[in-house]
Amino acid sequence: MPHPDTPFATGPDTGSDPKVTDVRERLAGAYAASHRPPDGAAAKLATQHKLYVRDRISLLLDEGSFVEDGRFANALAPGLPADGVVTGRGLVDGRPVIVIANDPTVKAGSWGARTVEKIVRATEMALREELPVFWLVDSAGARITDQVEMFPGRRGAGRIFHNQVALSGKVPQICCLFGPSAAGGAYIPSFCDLIIMVDGNASMYLGSPRMAEMVVGEKVSLEDMGGARMHCTVSGVGDLLAADDTEAIELARLYFSYLPQNWRSPAPAYHPEPPTQPLTRHTIPERESVPFDVHEVIDGLVDADSFFEIKPLFAAELVVGFGRLNGESVGILANNSAVKGGVLFTDSADKAARFIWLCDAYSIPLIYLADVPGFMIGSEVERGGIIRHGAKMVSAVASATVPQFCVVIRKAYGAGLYAMGGPGFGPDATIALPTARIAVMGPEAAVNAVYANKIAEIADADERAAYVAQKRREYEEDVDIQRLAADLVIDQIIEADALRDELTARLAYAVHRDRHFAAKRRDVPPV
């Protein structure tokens with residue numbers, strides 16, 4: 001009769017061929033070995049608060065939908081069930097996907113020759129059928145003992161990365177990082193659209209702390225070198241920080257709900273919901289010098305509880321994420337004056353560019369909520385290449401062909417206007433609130449820049465203050481928002497409480513937008 005952990009019959013059976021019985025017994029043993037971890041490995045998973053690889057897959061996929069490939073990979077070798085990786089296909093909310101999941105109970109999830117072949121085949125299937133890929137990563141990297149077989153060849157580990165690049169922008173690639181992703185294997189998450197890292201367990205690094213000490217003499221902990229929190233707050237490699245495996249998988253499923261099946265398909269639509277708290281003219285402080293949390297504007301704009309923020313712990317002066325507007329997916333970029341005044345830095349420019357590319361790849365309209373003083377200035381950011389990083393963001397805005405809407409909620413100064421999809425970049429509409437100001441720079445900075453010498457010549461303090469006030473008034477009249485609308489710089493001026501309906505109507509008309517940008521092989525972006 002079948003063993004409880006396998007579908008194969010074992011034990012004596014009258015009239016059966018001994019050779020077939022032997023095959024069944026060996027198959028049953030190999031199947032059972034990858035059905036559940038050994039007791040010692042299970043205990044280690046428990047102490048790490050980790051789920052077994054098959055339990056992770058069960059949480060991710062719709063019940064009963066998983067079809068596995070290559071379960072008997074390396075079955076003739078002892079201690080290598082499925083060669084340390086589970087691959088196959090299943091359904092997420094009824095939509096077919098590919099799953100590639102490391103088994104950390106098998107040689108710490110390390111890669112052998114059959115591991116690599118299984119992953120290559122799974123990515124080839126994704127390319128052939130244009131199926132999304134969920135990467136459930138928990139791997140110590142390559143097995144040095146197998147390096148000749150799995151590293152350098154045409155179907156070696158490099159082919160995985162090649163296929164990931166080919167998949168990029170064609171289908172969503174979503175990574176849940178539950179443990180290490182070491183050395184070359186660290187590039188698997190980096191080629192994905194989203195990286196969710198489990199706090200305290202997940203890590204990414206090209207060289208381990210021990211290697212760093214040996215090679216460059218640096219003593220550093222694993223957490224400081226490549227831990228989840230570091231990558232989600234400092235490097236920006238990680239997108240979301242999860243408390244445990246279960247939350248990581250829930251976030252992955254939720255993220256996928258905003259995206260299409262592939263680049264040819266529309267994103268799923270959902271039943272429209274009113275915002276949790278309606279946006280009103282009182283939501284946004286009228287004085288541009290008063291900081292406020294732009295999440296209040298976003299929550300008042302999108303359907304209730306639908307905002308899915310990406311990289312919330314990294315470069316928080318710019319908020320990016322998906323929301324639903326009347327049930328449809330939209331991408332939102334918003335300057336947050338509550339963090340560093342909403343000024344754009346190198347990290348926020350990179351964060352924006354990647355998100356714009358993501359939305360453009362999957363035909364998700366973009367809404368820019370501008371409240372930006374411009375890009376940061378000073379020697380430190382210049383040395384950090386802020387011009388190059390800013391140009392990257394502007395390049396992404398310019399080349400995006402999805403419907404785009406620039407909403408100036410307060411200030412939009414200098415190149416900040418360009419980076420937030422301003423009129424010169426051909427948005428479907430530039431909409432301003434009565435609180436909006438558009439200029440090369442703010443009134444105070446402008447007056448000081450233009451009239452510094454004259455101001456310095458006025459000895460009397462009252463006379464000097466009156467002169468400055470006069471010049472500020474003249475400047476403000478010059479950039480008055482009604483004047484900009486009269487000159488057709490602005491397409492519409494409305495109160496905040498009408499913004500949601502305005503955008504919903506305009507999005508409905510923008511679905512037929514021409515997606516062509518320019519005839520060329522490709523651009524050469526500043527990176």
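**Close-up views of a predicted model**

**Figure 1. Y187 and its surroundings in helix α7.** Y187 is found in helix α7, which covers residues 187-190, and the coordinates shown here, as in every view below, belong to a predicted model. With a relative accessibility of 37%, Y187 counts as partly exposed, because that value falls between the 20% limit for buried residues and the 50% limit for exposed ones. When neighbours within four places in sequence are left aside, the residues in contact with Y187 are F161, Q164 and L206. The C-alpha atom of Y187 is separated by 9.7 Å from that of I160, a residue 27 positions away along the chain.

**Figure 2. The whole protein, as a frame for the close-ups.** The protein contains 20 helices and 16 strands, and its C-alpha trace spans about 110 × 55 × 45 Å along the principal axes. Of its 527 residues, 50% count as buried, while the accessible surface comes to about 24,700 Å², with 55% of that area belonging to carbon and sulfur atoms. Among contacts between residues at least 6 apart in sequence, 71% join residues that are at least 24 apart. The side chains include 52 positive and 68 negative ones, and the centres of these two sets lie 7 Å apart.

**Figure 3. Helix α4 and the elements that cover it.** Helix α4 runs over residues 113-129, a stretch of 17 residues, and reaches 24 Å from its first C-alpha to its last, close to the 24 Å expected at 1.5 Å a residue. Its buried residues are A113, T115, V116, E117, K118, I119, V120, A122, T123, M125 and A126. The cover over these buried residues includes the strands β1 (67-69), β2 (85-92), β3 (95-102) and β4 (133-139), together with the helices α5 (147-150) and α6 (157-167). After α4 comes E130, which has a positive phi near 50°.

**Figure 4. Two loops on either side of strand β3.** D93 lies in the loop between β2 and β3, and although D93 is not a glycine, its phi is positive, at about 50°. A108 is found in the loop between β3 and α4, where its relative accessible area of 38% makes it partly exposed. Apart from neighbours within four places in sequence, A108 is in contact with D103, D138, S139 and A140. A108 is 371 residues from V479 in sequence, and the two C-alpha atoms are 62 Å apart in space.

**Figure 5. The largest nonpolar core and a second, separate one.** In soluble globular proteins, nonpolar side chains tend to be buried together. The largest nonpolar core of this model has 71 residues, and those with the most contacts inside it are I196, Y255, F322, L333, F355 and L366. Helix α13 (residues 346-361) supplies the largest share of this core, namely seven residues. A second core, separate from the one just described, has 31 residues, including V85, I100, I195 and M197. For F355, the contacts beyond four places in sequence are with I310, V320, G321, F322, G331, I332, L333 and L366.

**Figure 6. I310 in strand β9.** I310 is found in strand β9, which covers residues 308-310, and is buried, since its relative accessible area of 5% is under the 20% limit. Setting aside neighbours within four places in sequence, I310 is in contact with L194, D239, L240, Y255, V320, G321, F322, K351 and F355. Of these partners, Y255, F322 and F355 are also listed among the residues with the most contacts inside the largest nonpolar core. The C-alpha atoms of I310 and A228 are separated by 15 Å, with the two residues 82 apart along the chain.

**Figure 7. From the end of α13 into strand β12.** S363 is placed in the loop between α13 and β12 (366-372), and its phi is near 60°, a positive value in a residue other than glycine. At 35% relative accessibility, S363 counts as partly exposed, whereas I367, which lies in strand β12, counts as buried at 1%. Without neighbours closer than five places in sequence, the contacts of I367 are with L325, V330, G331, I332, L333, F405, V407 and L503. The C-alpha atoms of I367 and V297, which are 70 residues apart along the chain, are separated by 12 Å.

How values were computed. Residues numbered from 1 in each chain as written. Predicted model: local features only at pLDDT ≥ 70, side-chain atom pairs only at ≥ 80, totals over all residues. Heavy atoms only, no water. Helix = DSSP H or I, 4+ residues; strand = E, 2+ residues; numbered from the N terminus. Expected span 1.5 Å × (residues − 1). Buried < 20%, exposed > 50% of the residue type's maximum accessible area, 1.4 Å probe, protein only. Contact = heavy atoms within 4.5 Å. Core = buried A, V, L, I, M, F, W, Y, C linked by side-chain atoms within 4.5 Å. Areas by Shrake-Rupley, 256 points an atom, 1.4 Å probe, with all protein chains shown as cover. Lys, Arg positive; Asp, Glu negative; His and termini not counted. Charge placed at Lys NZ, Arg CZ, Asp CG, Glu CD.
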